[in-house]
Amino acid sequence: GGRTNMANESTGTGGILGDKKVKGPYKHPDFPEMTEEQLRARAVGFDIDAHLVSLMFQEPFHADVLRSLHKQATEDIPTAGVLAKDGIMQMWYNTLFLAAYDNVKVKGVMKHEAYHLELEHTTTRRYQPHDIWNWATDLAINSTLSEDEMPPCGMRPGKPLQGPKEWPVDTTPEKIARFQRISALIESFPLNLAAEEYFGRLMENEDVQQMVEEGTTYVRSEER
């Protein structure tokens, strides 16, 4: 699929601040204070293949999965994502996103993407609405990652969501309150449940249901 299919069907890093198309100057979800110019300077020379070689020595199973993918750098998404469709497996990643992290967190993002494919989150285990399924799979995967490997923007059971440091001026108090309630819900979840269990618990929540009905399942959709 093209860019539209990728954004709608891929599964990847980012959770509630997820993998929508970037509009305007790039803002890093974990380093919003950095300008795009600073991020580009940091990204000079970034080589995902070098990180893949390192992963081969540390996590050979995940590395073997990622080696088989077509990997493409793109600025059409803010983080990273994978898609398995029609017998083809692909990974997209924003270099500005990955290059801002240390080697351990880059490894964590790569493991996260590999898990999505290994656990068939984009194929036989797919549920609708896709955005909520992506949250649920992120919660399941990130339960297995260490805190050192996880980007702070990632969704993890038992951890409050990382909201924007400054909300857009047109954000209503109710939307902020709803975000905080969903954050508290995710913080209440235990680690190490199946993605289907997290999905069920999320879909039972009235705030999540309302976001699905409104089509506002990405909190900062105006930046995506």
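A salt bridge is a side-chain nitrogen of Lys or Arg within 4 Å of a carboxyl oxygen of Asp or Glu. The model discussed here is predicted, so local features need pLDDT of at least 70 and side-chain atom pairs pLDDT 80 or more, while totals for chains, interfaces and linings use all residues. Residues are numbered from 1 along each chain as its sequence is written, and side-chain values use heavy atoms, without hydrogens and water.

Q: What makes the contact between the side chains of Glu 36 and Arg 40 a salt bridge?
A: Their N to O distance is 2.8 Å. The limit is 4 Å, so the pair qualifies. Both residues lie in helix 2 (residues 36–43), 4 residues apart, about one turn of the helix; helices (H or I, at least four residues) and strands (E, at least two) are DSSP runs, numbered from the N terminus. The count of salt bridges by this rule comes to 12.

Q: Is Arg 156 buried or exposed, and how do you know?
A: Buried means under 20% relative accessible area, exposed over 50%, and partly exposed in between (1.4 Å probe, protein chains only). Arg 156 has 10% relative accessibility and therefore counts as buried. Its partner in a salt bridge of 3.2 Å, N to O, is Glu 147, which at 49% is partly exposed.

Q: Why are Arg 178 and Glu 214 said to link distant parts of the chain?
A: The side chains of Arg 178 and Glu 214 meet in a salt bridge of 3.1 Å, N to O. Arg 178 belongs to helix 8 (residues 173–188) and Glu 214 to helix 10 (residues 206–214), with their positions 36 residues apart in the numbering. Arg 178, at 5%, is buried, whereas Glu 214, at 39%, is partly exposed. Elsewhere, salt bridges that share partners join Glu 59, Lys 107, Lys 111 and Glu 149 into one network.

Q: Which residues of the largest nonpolar core touch the most other members?
A: A nonpolar core is a set of buried Ala, Val, Leu, Ile, Met, Phe, Trp, Tyr and Cys residues joined through side-chain atoms within 4.5 Å. In the largest, of 28 residues, Leu 66, Met 91, Phe 97 and Met 110 touch the most other members. Among the elements that give two or more residues to this core are helix 3 (48–58) and strand 4 (88–93), and helix 6 gives the most, with 5 residues. Another core, of 19 residues, lies apart from it and includes Leu 139 and Phe 199.

Q: Why is the aromatic pair of Tyr 127 and Trp 133 called tilted?
A: Rings of Phe, Tyr and Trp (its six-membered ring) pair if their centres lie within 6.5 Å; planes under 30 degrees apart count as stacked, over 60 as edge-to-face and the rest as tilted. For Tyr 127 and Trp 133 the centres are 4.8 Å apart and the planes stand at 55°, so the pair meets the distance limit and its angle falls in the tilted range. Trp 133 is buried at 0%, while Tyr 127 is partly exposed at 37%.

Q: What makes the pair of Phe 189 and Tyr 198 tilted?
A: The centres of the two rings are 5.8 Å apart and the planes are at 40°, so this pair too is tilted. Phe 189 and Tyr 198 are both buried. Ring pairs also link Phe 31, Phe 97 and Tyr 101 into a cluster.
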